[in-house]
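User: I would like to learn how to read pockets and salt bridges in a model. Please take me through this one.

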Amino acid sequence: MLGSAVPVPAEGRRGRAGRAGGDYNSRGAEGPPALPLPAPALVAAGGQRRGSGCVRRSPCALPSSRPGGAGSVPPPAGCGPARGPAMDLFGDLRRMNKRQLYYQVLNFAMIVSSALMIWKGLIVVTGSESPIVVVLSGSMEPAFHRGDLLFLTNFHDDPIRAGEIVVFKVEGRDIPIVHRVIKIHEKENGNIKFLTKGDNNEVDDRGLYKEGQNWLEKKDVVGRARGFLPYVGMVTIIMNDYPKFKYALLAVMGAYVLLKRES
């Protein structure tokens with residue numbers, strides 16, 4: 001019964017104390033009357049020990065006895081306050097033996113190695129040092145929007161043509177630029193130079209090139225756009241704009257891989 005206590009008869013208390021020599025009366029049935037049990041000890045769902053398990057304290061349960069008072073019952077081990085997700089993760093790590101921990105670490109290392117191998121394989125197949133890039137600005141709208149994921153190839157045998165969309169690097173800039181080729185200038189010796197411009201820009205890219213450079217060469221090209229997925233790269237943009245989110249996401253993924261149990 002929740003919130004109610006059942007009194008124990010005096011004879012039963014004296015007899016039980018006399019036989020067991022417990023906390024109620026260490027001198028047996030001949031001594032003074034035993035102290036009554038505190039009410040919470042008999043509450044059905046009051047947070048005390050039931051069998052070998054623990055019952056979470058109900059918000060309606062009676063309060064326990066004062067610390068150090070007569071008949072006070074200490075809470076059983078493991079029946080403390082609820083733990084947060086982070087404590088649960090550390091608890092799972094502590095419960096894992098060394099073999100399980102090493103297995104999960106190796107599993108995580110295999111996932112990272114597989115991702116790197118896939119990336120290197122794409123570099124070999126496409127001929128581009130960055131076969132997948134994300135559009136970071138709206139200078140190519142309406143062709144590409146911010147957050148679009150581009151797939152590139154960069155085969156040196158293919159000539160660059162006017163109207164192609166290329167990704168190129170400029171000296172002094174860490175981030176490549178994706179714009180359209182608007183002019184081709186071919187020299188007598190066969191060398192080709194070209195000029196680029198964003199579809200959404202009013203002027204060409206001469207103001208973006210390094211000082212004194214008016215044309216791009218083939219060595220500046222990272223790749224040419226062959227396909228795209230709209231807005232898939234927004235996750236990358238968010239992680240670049242909010243580094244804490246990136247680290248939190250990586251930590252959650254790493255913890256999931258390490259703590260994942262084989263079924």
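User: Start with the largest pocket. Which residues lie nearest its centre?

Analyst: First, a caution: this is a predicted model. To read a pocket, begin with its lining. Here 20 residues line the largest pocket. Nearest its centre lie Val134, Leu136, Ile175, Pro176 and Ile177.

User: Which elements give two or more residues to that lining?

Analyst: Strand E3 (132-134), strand E6 (177-186) and helix H4 (234-241) do.

User: How much space lies in the largest pocket?

Analyst: The figure is about 520 Å³.

User: How many residues of each class are in the lining?

Analyst: Sort the lining by class. Nonpolar residues number 11, polar residues 5 and charged residues 4.

User: Now salt bridges. How many does the structure hold?

Analyst: It holds 8. Read each one in steps: the distance, the place in the chain, then the exposure of each partner. Take Glu129 and Lys169, whose side chains meet in a salt bridge at 3.1 Å, N to O.

User: Why does the pair of Glu129 and Lys169 tie together parts that are apart in sequence?

Analyst: Look at where each partner sits. Glu129 is in the loop between helix H3 (98-126) and E3, while Lys169 is in the loop between strand E5 (165-168) and E6, so the salt bridge ties together parts 40 residues apart in sequence.

User: Is Glu129 buried or exposed? And what about Lys169?

Analyst: Buried means under 20% relative accessible area, and exposed means over 50%. Glu129 has 46%, so this residue is partly exposed. Lys169 has 37%, so it too falls in the partly exposed class.

User: Which residue meets Arg146 in a salt bridge?

Analyst: Asp241 does, side chain to side chain, at 3.6 Å, N to O. This pair links distant parts of the chain. Asp241 belongs to helix H4, and Arg146 to the loop between E3 and strand E4 (149-153), 95 residues apart. Now apply the exposure step. Asp241 is partly exposed at 45% relative accessible area. Arg146 is partly exposed at 36%.

User: What does the salt bridge between Lys219 and Asp220 look like?

Analyst: Their side chains meet at 3.4 Å, N to O. Check each partner on its own. Lys219 has 65% relative accessibility, so this residue counts as exposed. Asp220 has 13%, so that residue counts as buried.

User: Which element links the two topics?

Analyst: Helix H4 is one. Helix H4 gives two or more residues to the lining of the largest pocket, and Asp241 of helix H4 pairs with Arg146.

Technical notes:
Residues are numbered from 1 along each chain as its sequence is written. This is a predicted model: local features need pLDDT of at least 70, side-chain atom pairs count only at pLDDT 80 or more; totals for chains, interfaces and linings use all residues. Side-chain values use heavy atoms; hydrogens and water are left out. On a 1 Å grid over the protein atoms alone, a cavity is a set of points where a 1.4 Å probe fits but cannot get out, and a pocket is an open set with protein on both sides within 12 Å along at least five of seven lines; lining residues have an atom within 4 Å of a point. Grid points are joined across faces, edges and corners, and a volume is the space filled by probe spheres set on the points. Helices (H or I, at least four residues) and strands (E, at least two) are DSSP runs, numbered from the N terminus. Ala, Val, Leu, Ile, Met, Phe, Trp, Tyr, Cys and Pro count as nonpolar, Asp, Glu, Lys and Arg as charged, and the others, Gly among them, as polar. A salt bridge is a side-chain nitrogen of Lys or Arg within 4 Å of a carboxyl oxygen of Asp or Glu. Buried means under 20% relative accessible area, exposed over 50%, partly exposed in between (1.4 Å probe, protein chains only).
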